[in-house]
Each structure stands twice: as structure tokens, then as C-alpha cells.
Amino acid sequence: MYIIGISAFYHDSSVCLFRDNQLIFACEEEKFTGIKHDSSFPDVALDYIYKKYKICDKNLQAVCYYEDPKLKYKRVVDNIRPQLFKNPFYSIKSFLKIKRNMKTLDKRLKELSPNVFYSTHHEAHQYYSYYTSPFEKATCLSIDGVGEIDTLSVGFGDYQGIEYGGMAKYPHSLGLFYSAMTSFLGFRPNEGEYKMMGLAPYGNSEIYIDKVRKLITYKNSKLECNMDVFCWNTSDKTMFNDNLSTLLGIDQRIPDDSLEPVHKDLAASVQKVYEEILFKILKTISIISESQNLCLSGGCAYNGTANGKIVNDSSFNHLWIPPAPSDAGSAIGAVIHYLVKEKKVRSKVTKNPFLGPMYFLDEIKEAIKKTKNYKFASDTSLRDYVAKKLKEGKVVGWFYGHIEFGSRALGNRSILADPTIEGMKDRINKVIKKREGFRPFAPMVTKDRQDEFFEMTDDIPYMNQVVKVKPEYRDILKAVTHVDGSARVQTVYKNTAIYDLLKAFEKVSGYPILLNTSFNVKDKTMVLTPKDAVDTFYDTDMDLLVIGNYIIYK
């Protein structure tokens with residue numbers, strides 16, 4: 001029997017599929033539609049699984065949704081009630097939108113199955129993070145913009161389920177604070193937060209720290225945002241008002257304007273205040289926690305800079321963050337929540353992130369038939385050739401197997417390069433990724449030698465923590481070492497194709513490390529199909545493309 005999980009209508013819509021209570025598929029709608037952070041009902045992803053797995057009424061047990069629409073409706077009504085007369089246009093628009101979404105959602109879900117289970121937003125986050133973790137017991141922390149009402153929550157998980165508690169309620173939100181400051185700095189909220197995080201190390205956090213501390217506080221276990229300067233609860237057009245510029249003494253940056261020292265300093269201060277609040281929250285929950293294992297989820301769990309400090313700077317000894325901790329992963333969390341409620345699951349769910357579509361030989365041949373290509377007779381000869389070309393300074397598109405679930409390329413839809421080559425970072429940013437030059441790249445490294453190059457405590461398989469590069473290797477690993485000596489590392493395990501490539505590269509270079517970035521260009525989604533890969537290859541300055549056992553070259 002099948003169970004479908006769905007996340008939709010905010011951002012990062014996704015679908016997952018369980019068969020006989022085991023996770024077998026998960027993919028974001030954006031990877032099918034090409035629309036970044038697609039929030040629409042995931043019709044294309046659903047169509048894919050219905051056809052591929054031959055789902056019908058007789059073999060579909062339930063559909064699970066990642067939120068409780070009634071709670072979300074309550075939040076919207078409670079928010080607009082006190083401002084109905086002074087802000088009627090926004091209030092009426094918000095009310096009509098939530099009513100329309102509720103009606104559409106109810107109709108669409110019941111068309112799929114009469115058995116619909118509604119999780120809650122933060123419980124879905126927590127069930128996904130805990131049930132993919134290696135821990136028997138763990139403290140679960142979920143931080144994001146907003147769920148139905150909660151914006152911050154804690155849970156205590158064991159194999160019986162999760163004991164849940166809310167810690168902060170809308171409009172007070174650490175996630176919305178970070179997104180608002182992302183917007184103030186000229187980046188797109190719900191998308192550009194990692195740009196602000198990447199910009200922060202270039203600035204001096206002390207310049208604006210006192211002013212940024214006036215924007216958000218956490219005292220006596222209470223999170224509070226300065227709603228005199230933020231207006232996400234009164235406008236659907238902007239997240240802040242003119243009071244923010246006045247308080248900071250800085251004009252809002254317009255997108256595509258040059259990045260000045262003032263913007264870098266502000267980004268540094270915002271990141272520092274985010275970390276101050278996070279570690280106060282961690283101190284609070286550690287007092288009531290029986291476990292020193294932490295499972296982190298919610299959109300804020302993508303803040304790798306802060307994540308990389310948790311084990312060293314808090315009382316938690318081990319940290320787990322799943323492959324897709326934001327709303328996309330909550331489709332999985334909703335199904336797990338249902339299964340736990342139905343007492344149908346007591347074991348963990350697969351940690352495998354390669355859960356999306358894969359493409360076979362006929363489709364590959366069709367995509368590459370007009371290209372210059374060469375087929376290798378064996379995987380070993382292919383890897384050895386690619387490793388040699390990487391060492392020569394070539395940039396390689398790598399397309400293999402099932403696409404990754406989540407926003408990180410983990411070795412199946414990647415652009416790869418030698419991290420020791422001078423100027424490689426600038427080349428890939430400028431003529432391949434076509435994006436801002438300050439943006440860092442991540443190193444992938446074999447587990448057996450990761451501690452030799454990076455200051456790590458546990459493995460980091462999903463590229464969600466920033467750690468220090470050991471000082472003696474910072475000048476060597478130039479292309480993956482950020483300006484502050486850090487890197488967003490990915491642990492790579494044996495018995496995978498990308499591990500074998502790393503070992504082949506180690507033979508010719510001495511380093512089992514490659515620069516790894518997602519196979520896409522600026523403002524585009526990760527490539528899904530062989531045709532997408534070929535089109536992107538010819539649209540960039542990449543040197544080689546690997547699909548299956550084929551090398552495509554220019």
C-alpha cells in the first residue's frame with residue numbers, strides 16, 4: 001500500500017511516497033517545473049509518481065499534508081482582526097486568500113484520497129528530523145518563518161513519538177527577522193538568505209551590532225521582534241517599513257546595486273545576532289532536555305555558519321540535520337507523523353537523500369545524440385579519465401542516478417572542479433554559475449580523510465554545517481576556503497560513485513577533495529533530466545559533461 005505526503009502553498013512544494021511504510025520517493029515540484037521555490041500544488045510531481053508507481057484508489061492508503069489548515073486559518077483571522085478597519089485592503093485580501101487556499105486544498109486532497117491526515121507545520125519538521133536521525137533519543141528544535149501559529153518549537157523524541165511544545169508565536173519569528181534583513185540587503189527573501197550568510201564574513205559585525213540587537217530579542221525564554229520596524233503581519237508587499245532604515249542609519253540596498261562595505265558590515269551583524277539568539281534558545285532547551293543529541297529542522301536549519309558552532313558552543317554533543325530541513329522535507333514528516341499516530345512505524349526512515357527521478361540509457365542516448373560524446377567501457381576507466389581532466393583544471397558537469405532531495409547537490413547533480421587551482425572559484429562563479437563573486441563553494445571529501453583537512457566533530461553528509469579548514473590547508477584548498485577560513489563540508493561515504501571518483505582524484509592529486517556546487521546556473525533550478533544537463537552544459541563554460549558512462553565535450 002502507498003501513502004503520499006504533500007507540502008504546498010507557501011514555498012518549496014514537494015511530494016513524497018511511502019510503500020509498505022517505507023520511504024521510496026521524494027522530490028520538490030520546482031525540479032519538475034523549473035520554477036525556483038515553486039509553491040503551487042505539486043501537480044507535476046504527483047503526475048510523475050502516479051504514472052511511475054501505478055497508484056490508484058485501491059492501493060493508496062492515505063494522503064498526508066504538512067500543516068493544519070484550521071490552525072493556519074485561525075492565525076490569519078487573529079492577525080487581521082485588530083487591524084481590519086485601519087488596514088482593510090490587506091485584511092480582506094488575506095482573509096480571501098486563506099479561504100480560497102483552504103477550499104482548494106480540501107478539494108485537491110480529497111480527490112486523491114478520502115483518508116486525509118493533517119500534521120502541523122512544526123511537528124512535520126520535527127518528525128522528519130528525528131526519524132531520519134541516528135539517535136534513539138533526541139531533543140528536536142524547529143526554527144523557521146512561520147508554521148500555522150508557532151515560529152519556534154521544541155520536541156523530545158524517542159521511538160514512541162515526539163512530545164511537542166511551541167516556544168514562540170507569530171509575528172515574532174527568528175526566521176522572518178533573517179528573511180526581512182535579507183530583503184533589506186537587496187536579496188530575495190526565502191531564497192537569498194544563504195547569500196547574506198555568505199556575505200557576512202566579509203564584514204565587521206561590531207559596526208551595527210548594537211542597532212541590530214534592537215530588532216530582535218530573546219529574554220526570559222521569550223522571543224520578540226521589533227514590530228515598529230517590521231511589518232510582515234500588516235503587508236504582503238514588504239517585510240519592513242522606513243523605520244528600519246532610520247534605526248540602522250542605512251538606506252535599503254536595491255537589487256543588483258553594488259555591494260558596499262556598509263552592506264557587508266550589516267550582514268555580519270545580522271548573522272552574529274542570529275547566532276546570539278540561537279544559542280540562547282539552545283541554552284533554554286538544554287535545561288529541560290534529557291538528551292545531548294539535537295535534531296535541527298525548519299528553514300533556519302540551512303544556516304550552516306551557525307550550525308557549525310553548535311557542538312562546540314552548546315551543551316549538545318551531537319547534531320543531526322536532515323537533507324531537506326525546510327518545508328519540502330515536511331512532506332516526509334507528515335507521513336511519519338501519521339504512521340506514528342497509527343502505530344505503524346517504530347523504526348527509523350531512510351537517510352538516503354537520492355530519492356527523486358532517475359533516467360536510463362534510452363533517455364540518455366536521446367539527449368546526447370547530437371553532441372560530441374564518447375562512451376567508456378567501464379566505470380573505472382571513466383573515473384580515471386575524469387580525475388585526470390579535473391587535475392588539468394577542467395570543470396566537469398556530473399549527472400548520475402536519482403536526483404537529490406533538498407537544495408544541496410550531493411554528488412548526483414553536481415558541477416565539480418579541482419579545489420587547489422588558483423582562480424577556480426572566480427571562474428566558476430563568473431562564467432559557469434553566472435552569479436555573485438563573493439559566493440563560496442563547498443568541498444566534498446571522503447570520510448576516511450576528512451579530519452585531516454577540516455575541524456569536524458561528526459560527519460556532515462548533507463553539506464549543512466560550516467566548519468574551519470585547518471590552517472595548513474587554507475592556501476592549498478583555495479577554491480573552497482571562504483574568506484574567514486571556513487568551508488561548508490560534505491562527508492562522502494564508500495560504495496557510492498562520487499566516493500570512487502574522489503579516490504581516483506586522490507591518486508592523481510593527493511587530495512580526496514573536490515569543489516562541488518549544484519548543477520545549475522543563477523536563478524535556475526537544479527537540472528533534472530539528461531536534456532536539462534546537456535542544455536545547461538552548452539549554455540556555460542563547463543569543459544566536460546558526464547552522464548552515465550558517456551563523456552560529452554565541446
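## Salt bridges

The whole structure, a predicted model, contains 32 salt bridges. A salt bridge here is a side-chain nitrogen of Lys or Arg within 4 Å of a carboxyl oxygen of Asp or Glu. Residues are numbered from 1 along each chain as its sequence is written, side-chain values use heavy atoms, with hydrogens and water left out, and local features need pLDDT of at least 70, side-chain atom pairs count only at pLDDT 80 or more, while totals for chains, interfaces and linings use all residues.

Two of the salt bridges lie in helix 4 (residues 88-112). Helices (H or I, at least four residues) and strands (E, at least two) are DSSP runs, numbered from the N terminus. Lys-110 pairs with Asp-106, and their closest N and O atoms are 3.2 Å apart. Because Lys-110 and Asp-106 are four residues apart in the helix, about one helical turn separates them. Relative accessible area sorts residues into three classes: buried is under 20%, exposed is over 50%, and partly exposed is in between (1.4 Å probe, protein chains only). Lys-110 is exposed, at 52%, whereas Asp-106 is partly exposed, at 31%. Lys-107 forms a salt bridge with Glu-111, with 2.7 Å between the closest N and O atoms. Lys-107 and Glu-111 are also separated by about one helical turn, because they are four residues apart in helix 4. Glu-111 is partly exposed, with a relative accessible area of 48%.

## A link between distant parts, and a network

Arg-427 and Asp-543 form a salt bridge through their side chains, at 3.1 Å from N to O. This pair connects distant parts of the chain, 116 residues apart: Arg-427 belongs to helix 16 (residues 424-432), and Asp-543 to the loop between helix 19 (530-538) and strand 22 (544-547). Arg-427 is partly exposed at 23% relative accessibility, and Asp-543 is partly exposed at 22%. Elsewhere, Asp-448, Arg-449, Glu-452, Lys-503 and Glu-506 are joined into one network by salt bridges that share partners.

## Helix 18

Glu-506, a member of that network, is among the buried residues of helix 18. Helix 18 covers residues 497-509, and its end C-alpha atoms are 18 Å apart. This agrees with the expected span of 18 Å for its 13 residues at 1.5 Å a residue, the span being 1.5 Å times one less than the number of residues.

Other buried residues of helix 18 include Ala-497, Ile-498, Tyr-499, Leu-501 and Phe-505. The buried residues pack against helix 15 (379-391), strand 14, strand 15, strand 16 (442-446), strand 20 (490-492) and strand 21 (513-518), where contact means heavy atoms within 4.5 Å. Gly-510 follows the helix, with a positive phi near 90°.

## Helix 6 and Tyr-178

Helix 6 (residues 174-184) is largely enclosed by the rest of the structure, because eleven of its eleven residues are buried. Among them are Leu-174, Phe-177, Met-181 and Phe-184. At the start of helix 6, a side-chain oxygen of Ser-173 comes within 3.3 Å of the backbone nitrogen of Gly-175. Gly-186, which follows the helix, has a positive phi near 90°.

Tyr-178 is in helix 6 and is buried, with a relative accessible area of 5%. Apart from neighbours within four places in sequence, Tyr-178 is in contact with Glu-193, Met-196, Met-197, Val-270, Gln-271, Tyr-274 and Asn-303. One of these partners, Met-197, is 19 residues from Tyr-178 along the chain, and the C-alpha atoms of the two are separated by 9.8 Å.

## A buried arginine without a salt bridge

Arg-408 sits in the loop between strand 14 (396-399) and strand 15 (413-417). Arg-408 is buried but has no salt bridge, and Glu-193, the nearest side chain of opposite charge, is 10 Å away. In assigning charge, Lys and Arg count as positive and Asp and Glu as negative, while His and the chain ends are not counted. Not counting residues up to four places away in sequence, Arg-408 touches Tyr-302, Tyr-462, Met-463, Arg-488 and Met-526.

## Cysteines

A disulfide is a pair of cysteine sulfur atoms within 2.5 Å, and the count by this rule is zero. For Cys-16, which is in no disulfide, the nearest cysteine sulfur is that of Cys-64, 7.8 Å away. Cys-16 is buried, at 1% relative accessibility. Cys-295 is likewise in no disulfide, and the nearest cysteine sulfur, that of Cys-140, is 4.7 Å away. Cys-295 is buried, with a relative accessible area of 0%.

How values were computed. A polar contact is a pair of N or O atoms within 3.5 Å; within protein, one must be able to donate a hydrogen and the other to accept it, and residues adjacent in sequence count only if both atoms are side-chain atoms.
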